[in-house]
Amino acid sequence: MVAIIDYGAGNLHSVKNALDFLGAESEITNDKDKILAADHVILPGVGAFGDAMRSLNESGLADVVKAAADGSRPFLGICLGLQLLFERSEESPGVDGLGIFRGSVVKIPERGLKIPHMGWNNITLTKDSRILPDNKPFVYFVHSYYINAEDSDVVSAYTEYGEKLDIAIERGNVFATQFHPEKSGDVGMEILKRFLNL
């Protein structure tokens, strides 16, 4: 079973629909026991970093996410669900993130380009990935911030938008992407399928 964590901020139903399409058993839940008993866990998210962390802390789910992302099962963060895994974000000064990965989330520089970075863009792998295809596939983005990881070894892919933006991480069984696999057509379905097959 795949647990899709419901903390009141997320593209929950589009993720659930994608998993249904792939024939995977999944449930949108905020139940600690169900999340920690799941074979795979997904942390989706759209919205503001500070609001999401407040929701996670007030619901008691922050510690559940940390436990779910301990590497004992495949875990996937999507969009804001990637950013929350880091220590802090320029979007919400003074708000602590989950700190599962060291580093921060920073604003995309203007560089004469429209912010948010929205729409299709290709990605380039920085290392072998267990879930990402390596042929510079196009995927779907909607974001104004991106990750600045202290440990570059965890970064698995970047995209170009005025400059290189790191947009995916991978360490053991823990994965996260800034783009939305569930909105990225056949490529996104392939990524989710590879995740489910781990």
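This is a short walk through one protein model, from its sheets to its core and its largest pocket.

Hi everyone, and thanks for coming. Please keep in mind that the model is predicted.

Let's start with the bigger picture of the strands. One open sheet holds eight strands, and their order is β2-β1-β3-β4-β13-β12-β11-β8, with mixed pairing. At its edges sit β2 and β8, the latter covering 124-125, and each of these pairs on one side only.

Now let me zoom in on strand β1, residues 2-5. Are its faces covered or not? Both are covered: V2 and I4 are buried on one side, and A3 and I5 are buried on the other. β1 also has a partner in strand β2, residues 26-29, and the two pair in the parallel sense over four bridges. If you would like to find that pairing on your screen, look for V2, whose bridge partner in β2 is S26. To get from β1 to β2, the chain passes through helix α1, residues 12-21, and this β-α-β crossover is right-handed.

β1 is joined to strand β3 as well. β3 spans residues 40-43 and runs parallel to β1, with three bridges between them. Here the pair to look for is A3 and its bridge partner V41 in β3.

Moving along the sheet, we come to strand β4, residues 75-78. Four bridges connect β4 with strand β13, residues 174-177, and these two run parallel. In this pairing, L76 of the one strand stands opposite F175 in β13.

There is another open sheet to show you. This one has three strands in the order β5-β6-β10, again with mixed pairing. Its edge strands are β5 (88-89) and β10 (145-149), each pairing on one side only. Strand β6, residues 103-107, runs antiparallel to β10, and five bridges join them. As a landmark, take V105: its bridge partner in β10 is I147.

Next, the inside of the protein. Which residues touch the most other members of the largest nonpolar core? They are Y7, L84 and L85, in a core of 36 residues. Several elements we have already met supply at least two residues each to this core, including β1, β3, β10 and β13, and so do the helices α3 (49-59) and α4 (61-68). The largest share, five residues, comes from α4.

On to the largest pocket, which has a volume of about 180 Å³. Its lining is made up of 14 residues, and those lying nearest the centre are G47, C79, V142, H143 and S144. By type, the lining divides into six nonpolar, six polar and two charged residues. Both α5 (80-83) and β9 (138-143) supply at least two residues of that lining. We can tie this back to the previous stop, since α5 also supplies at least two residues of the largest nonpolar core.

Let me finish with a single residue, Y161. You will find Y161 in the loop between β11 (155-160) and β12 (164-171). Why does Y161 count as buried? Its relative accessibility is 16%, and buried means under 20%. Y161 also makes a nice link to another part of the sequence: K114 is 47 residues away along the chain, and the C-alpha atoms of the two are separated by 9.7 Å.

That's my tour. Thank you for listening, and I'm happy to take questions!

Definitions and conventions:
Residues numbered from 1 in each chain as written. Predicted model: local features only at pLDDT ≥ 70, side-chain atom pairs only at ≥ 80, totals over all residues. Heavy atoms only, no water. Pairing = 2+ DSSP bridges. Buried < 20%, exposed > 50% of the residue type's maximum accessible area, 1.4 Å probe, protein only. Right-handed = clockwise from strand over helix to strand, strands pointing away. 1 Å grid on protein atoms, 1.4 Å probe; cavity = no way out; pocket = protein on both sides within 12 Å on 5 of 7 lines; lining within 4 Å. Points joined across faces, edges and corners; volume = space filled by probe spheres on them. Nonpolar A, V, L, I, M, F, W, Y, C, P; charged D, E, K, R; others polar. Core = buried A, V, L, I, M, F, W, Y, C linked by side-chain atoms within 4.5 Å.
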